[in-house]
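Please open the structure in a viewer and keep the selection tool at hand. The tour proceeds from stop to stop, stating at each one what to select and what is found there.

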Amino acid sequence: MISTGEVFYLCPASGGELRPQTLFLNKSVRVLVAGSGSAYIACEPPVPPAEGAPGQCEVWRYRSGCEEPERCPEFDLVEGRIRKIAVGDRHQIVLTDEGAVYTRGAATFGCLGHGGARDAPEFTALPALRGKRVRDVAAGPYYSIAITKGGDVYTWGQAFQGETGQAAKVEAMPRFATGITPFDVVEVSCGQGHVLARTRGGQCVTWGENTCGQLGIGRKSPPTHQPQVLESIPPEAVTVSAGWAHSVVVVADGRAFAWGLNSHGQLGLGDCTTRMAPEIVEPLVGAHSVERAEASRTFTAFHTRARQVLLSGQVPREGGEPKAAPTECWTTPRPLPLRTRSPDNVSHSEMSQVIAFDKGVLGFAASVVYGVAPHFAPSAGGTVIRAFVTGLPFDAAPGEDGTLVQDSIPAKVRFRCQSPELDVVLDARVIDIDTVEFITPDVSASAFGQAVNGEKTTLPAHLSVSVDGGLTWTQDRQQPPEPADGNADATDPPRAPTTLWIAPWPKAGPSHVEPDCSPVAGGTELLLHIELPSKMPADLLTVKLVCVPLQSLDDPELHCQADDLAKLAPYDVPVKAWPDPGGRGIRCLAPKIAPAHVRLYSYSLELSLDGAVYLSGPLPFAVYDLRVVALEPSLGPLQEATDVCIKCIGAVPSSVKRVRLDFPEALGWPSRVVPAMLDHTTGDIFFSTPDLSAEARALADEERARVAAAAPPEGSEEAAEAAPAEAAVDPEGGLGGTQVVVELSLNGQNFTEDAVEFVYHSQLQPKAVELLARPDGSPPEQPKEDPKAKKGKGAVEEPTEIPTLPQSKLGVELVRGAMATEFAALRVDLETKVGDEDFQLYKTVDLPGRVEEVAPPPSPPPPEDPKAKNAPASPPPAEDLPPRDMVCALAPEVMTTDLPQGALLYLRRFQVSLNGRNFVPCPEGALPLRLEPTAPGPSEE
């Protein structure tokens, strides 16, 4: 292992969590190893490749229970690069890259392998293993094991429990282990008095002490130097670990097997019962896939494939002793918290290796790139990118010499793609505790860039970071994090945290936006039209609403509301966007804006593909606070459309206008959306109500069918009574008086919620127009008696017309469809007549009217019959008759000077309307109404 990264340490003083060790940040870690009571780290200073081979390897030691490491200068004398270190109680073994073995320390029971009992204060090469090309070494308290590349096993030191696999109790020099070598061992782990080995075929082999069942053979037994294969474990072991008196094996499918001493729950089986045979660590099954396990004295550390560290047994804490009560221990594996150097304590590190020793756990997390922002850049380069990397050297403040460590870091960034080919190395700089910044290069000339630009597509480039000038690079992240909400956007291409997507950038911003306005409440789905490269990532797409204060206001009232326009500051409101499924551009939801400021700012939209740099060409946009206050008219007939003017405040120019009609719930009809139009001369908005004739007929037909279905047999007495019920069916289906809620939209999506109503009235059935009163309110003149006529014969003059003065009250009775309204009107043709000539249309006028209840006129007495003996019965008095619903209006005024010489003026062809828009003809009266023109006054003459 040669890599830069972070070292984490769990000790009694760390509060039960793995804490970062900043001492090793600016170093390349080579070896991480632990013995029963200490752990060692071998590291090298980062050296740029141009300076040749790396510098001198440094070795540091963590003693059991200590917080800080100590430098071990004795390792400096080892010739060659250190590949592995093995640790006993009082001796150490070093294996170099060349396969040479060095030992030092106390020669207790011959564990140094030099022969005799002489201690070695300095590392000395083992003559017995010279030329053996050793590839692995291991050490117990007072014994040692070496495995050559050819598979031969050599052991020496104490063998009181059979630890060396030799019959002899002590071997002062390496001896070929004839009982172990045939198993083709590739890995060994040494416990206090027992050994676990893994064969090339994946079998687990054990030998040594078995007082606590640590050999896993199902029972306690005397110690043995004869290796025994554990058939109870599948032959697919990937790692083995021997603790003080317990054992752990991990197999290929990620399961862990444990057995032996369980005094502190170190087996992770949920209790503290010692096991004589291997058992699956069930609490891990289905929850964690284990990559490696490290058994210590009273606990076990499990390293998962998700790069987590879990621990079972006694957690190293202040004051903790191996004989602590089981209640202070974890009997099932639990995750160890990972403390970070960042202020928010959010860890992105991935543990690459974990070792365990008495009262301590040491972990190494190789540097990984866990994020790139933005992760989308143009092929032409020039974008500032930040890569987020774990394990970076960084000083928050200058040291005593006034320098910052990050200033001396030769950081590099590398872009790679196999097909089409791309391999570019760039200079970078460390700018934060976990951040490297660089500027993307122009890759247009490369095969990669030509493919991107030629196909107008998006391709990924793998990104890695080096802090040692390119000697080592960050490893690939094992498990890319899922989105926070658990749902990835289906339109996004698969994205690893080390991927930078490259695409040809649009030359200009969006061409236009649909719709071009939204209400202050926001929520309008906008479409920004722009041509985009295919397969581009969408999670950084951003649209911002740019709000700029107006320099002046046309509305004086707004000037009073705005305290000081100069105090208003511009601001932006960014929103997340996504690609249009139809490939027309980008979609987003318009943001919410404060209603108080809506008319004090101008607005525009800008688009960013990477969330950082916005394209040129902002799009004008409008934000409005719309209110519908009235409809003119607010009623109309069922049988035809009505042109309605919407009176509103806060409207802005827009390309789309819609009106939604919400019918009563009892009808069960869906809402209808109809187009609206802007009158550019007045600024008013108009729409036409839909004709409901078909719906009225359908409802009437349904009612007739229902009545017919319930009718008794034809010819029966009940049938005669049911006939009037069928005749009483409303031909309009009961829709007369239906109230419809009208809402307005300026963008086709967001409608007002003002609940202004429009009423459908029934078809009007008017009678002839009557003269109701003279201008002074008095009743109209009655026909006078003819003095020349004989009594009883023509005693009353027969009128041929009804003289009507200007401002006389006219009225038309509505037999059906009357309704209170302020929009009622009478339309009349003013026609002139000269002598025997035909009537000529002078002009048509609309007379404002109103609906009134008018008492019926008194009925005239019947004519006297001189032959009748008894007087005829009098008609009922007028006050006993119900009042009539009438549309009343005042007769117009016309000057005599405006009429032809000798012309008479008549009121003809009346029409009546309840809304001033839709008129119904009135029947002609028995006598025409002749309008008296008004003579000019003296001043007018």
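Select Pro-637, Gln-639, Glu-640, His-761, Gln-763, Leu-764, Asn-918 and Val-920, which line the second largest cavity. A cavity here is a set of points, on a 1 Å grid over the protein atoms alone, where a 1.4 Å probe fits but cannot get out, and lining residues have an atom within 4 Å of a point. The model is a predicted one: local features need pLDDT of at least 70, side-chain atom pairs count only at pLDDT 80 or more, and totals for chains, interfaces and linings use all residues. Residues are numbered from 1 along each chain as its sequence is written, and side-chain values use heavy atoms, with hydrogens and water left out.

The second largest cavity holds about 40 Å³ of space, a volume being the space filled by probe spheres set on grid points that are joined across faces, edges and corners. Its lining has three nonpolar, four polar and one charged residues. In this classification Ala, Val, Leu, Ile, Met, Phe, Trp, Tyr, Cys and Pro are nonpolar, Asp, Glu, Lys and Arg are charged, and the others, Gly among them, are polar.

Move next to the largest cavity, with a volume of about 70 Å³. Residues to select in its lining include Phe-415, Leu-422, Val-424, Phe-448 and Ile-502. Nine nonpolar, two polar and no charged residues make up this lining.

Now display the open sheet of four strands, ordered S29-S31-S35-S34 with antiparallel pairing. Strands are DSSP runs (E, at least two residues) numbered from the N terminus, and two of them pair if DSSP finds at least two bridges between them. Strand S29 (369–373) and strand S34 (429–432) stand at the edges with a single partner strand each, so one side of each has no neighbour in the sheet. At the S34 edge, three bridges pair S34 with strand S35 (residues 435–439) in the antiparallel sense; select Asp-432 to find its bridge partner in S35, Thr-435.

Finally, select strand S12 (residues 143–148), where six of six residues are buried, that is, under 20% relative accessible area with a 1.4 Å probe, protein chains only. Tyr-143, Ile-145 and Ile-147 point one way from S12, while Ser-144, Ala-146 and Thr-148 point the other way. Five bridges join S12 to the antiparallel strand S11 (residues 134–139), and S11 and S12 form a hairpin with three residues between them. S12 also forms a hairpin with S13, with four residues between them, and Gly-151 in that turn has a positive phi of about 95 degrees.

Definitions and conventions:
1 Å grid on protein atoms, 1.4 Å probe; cavity = no way out; pocket = protein on both sides within 12 Å on 5 of 7 lines; lining within 4 Å. Buried < 20%, exposed > 50% of the residue type's maximum accessible area, 1.4 Å probe, protein only.
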